[in-house]
Amino acid sequence: GDQIRSFYQTFATADYRLAHALAADYFEKVVKREKASGEKASDSRLTPHVSPLTVMEWGPGNGHLAACFLSHLKALDKDGAIYPRIRYVLVDWEQAVLDAAMAHPELAPHRNRVETHRGTVDRLDGVADGSVDRIICNELWNDLPTKMMSRQANGIEEEFMRPNLSEAAHARI
């Protein structure tokens, strides 16, 4: 059930390094793309412009990845050519998850850049084709039930994978 999130943390919900790596990669790709398109000032800095850059995070977990991504992107963007254009959209099918992610304290300085979208990744009503610049998908895949097929001699065993919980904790959930 939904309580399962209370019993484990993923790398994205507990550490800043994944978010920083994703932000650095994103920053580098946007700078490279925009310099290649000829949109640069005479001093080789990017020319600030108003075209939005939409980043979606499918399955935002507790909001930590978004907070760290945005903080690091802002720090990297010394010229202010990219961060001010960011529109970061948290996508989940549960409103409670979106509310909890938005309540993450480190997300507060970025609230004017962050929106939520309630929906499933296979039905993103209201999101125009070609309008999203980057999709980050971490917690979504983590929450999907996973089957593992194991071949033992001439037989095949099927198991469901779950977080490493004691039997008592699993029974309570």
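A salt bridge, as I use the term today, is a side-chain nitrogen of Lys or Arg within 4 Å of a carboxyl oxygen of Asp or Glu. Keep that in mind, please, as it comes back later. What you have in front of you is a predicted model.

I will start with the overall layout. The protein chain has 173 residues, and 35% of them are buried. Its secondary structure comes to six helices and six strands. Reading from the N terminus, the order is α-α-β-α-β-α-β-β-α-β-β-α. Of the contacts with a separation of 6 or more, 71% are between residues 24 or more positions apart.

Now to helix 2, residues 17-36. How far apart should its ends be? With 20 residues at 1.5 Å a residue, the helix should span 28 Å, and the end C-alpha atoms are indeed 28 Å apart, so the two values agree.

Which residues of helix 2 are buried? They are Ala-19, Ala-23, Tyr-26, Phe-27, Val-30, Val-31 and Glu-34. Around the axis they cover an arc of only 130 degrees, so they sit on the same side of helix 2. The face turned away from that buried side carries Glu-28, Lys-32 and Ala-36, which are exposed. As for what covers the buried residues, the list includes strand 1 (53-58), helix 3 (64-76), strand 2 (86-92) and strand 4 (134-137).

A word on the two ends of this helix. Before helix 2, in the loop that joins it to helix 1 (11-14), we find Asp-15. Is Asp-15 buried or exposed? Its relative accessibility is 16%, and buried means under 20%, so Asp-15 counts as buried. Its side chain reaches the backbone nitrogen of Arg-17 at 2.8 Å. Asp-15 and His-64 are 49 residues apart in sequence, while their C-alpha atoms are 8.0 Å apart in space. After helix 2 comes Gly-38, with a positive phi, near 85 degrees.

Next, back to the salt bridges. How many are there? The count comes to six, and I will go through three of them.

One joins the side chains of Lys-29 and Asp-25, with N to O at 2.6 Å. These two are four residues apart in helix 2, so about one helical turn separates them. Lys-29 is partly exposed, with a relative accessible area of 43%. Asp-25 also counts as partly exposed, at 28% relative accessibility.

Asp-25 has another salt bridge, to the side chain of Arg-134, at 3.1 Å from N to O. That pair links distant parts of the chain, since Asp-25 is in helix 2 and Arg-134 is in strand 4, 109 residues apart.

Then there is Arg-85 with Glu-34, whose side chains meet at 2.7 Å, N to O. This pair also links distant parts of the chain: Glu-34 belongs to helix 2, Arg-85 to the loop between helix 3 and strand 2, and 51 residues lie from one to the other in sequence. Are these two buried or exposed? Both Arg-85 and Glu-34 are buried. Through shared partners, Asp-25, Lys-29 and Arg-134 form one network of salt bridges.

On to the nonpolar cores. The largest one has 27 residues, and those that touch the most other members are Phe-69, Ile-82, Ile-86, Tyr-88 and Leu-90. At least two residues of this core come from each of helix 2, strand 1, helix 3, strand 2 and helix 4 (95-102). Helix 3 gives the largest share, seven residues.

To see one member in detail, take Ile-86. What does it touch, leaving aside neighbours within four places in sequence? Ile-86 is in contact with Tyr-26, Leu-53, Val-55, Leu-70, Leu-73 and Arg-113. Another core, of five residues, lies apart from the largest one, and among its members are Met-56, Trp-58, Val-89 and Val-91.

Last, helix 4. Its buried residues are Val-97, Leu-98, Ala-101 and Met-102. They too cover an arc of only 130 degrees around the axis, which puts them on the same side of helix 4. What do they pack against? The partners are strand 2 and strand 3 (114-118).

To recap: helix 2 has its buried residues on the same side, and strand 1, helix 3, strand 2 and strand 4 are among the elements that cover them. Salt bridges link helix 2 to strand 4 through Asp-25 and Arg-134, and to the loop between helix 3 and strand 2 through Glu-34 and Arg-85.

Definitions and conventions:
Residues are numbered from 1 along each chain as its sequence is written. This is a predicted model: local features need pLDDT of at least 70, side-chain atom pairs count only at pLDDT 80 or more; totals for chains, interfaces and linings use all residues. Side-chain values use heavy atoms; hydrogens and water are left out. The expected span of a helix is 1.5 Å times one less than its number of residues. Buried means under 20% relative accessible area, exposed over 50%, partly exposed in between (1.4 Å probe, protein chains only). The arc is that of the directions from the helix axis to the C-beta atoms. Contact means heavy atoms within 4.5 Å. A nonpolar core is a set of buried Ala, Val, Leu, Ile, Met, Phe, Trp, Tyr and Cys residues joined through side-chain atoms within 4.5 Å. A polar contact is a pair of N or O atoms within 3.5 Å; within protein, one must be able to donate a hydrogen and the other to accept it, and residues adjacent in sequence count only if both atoms are side-chain atoms.
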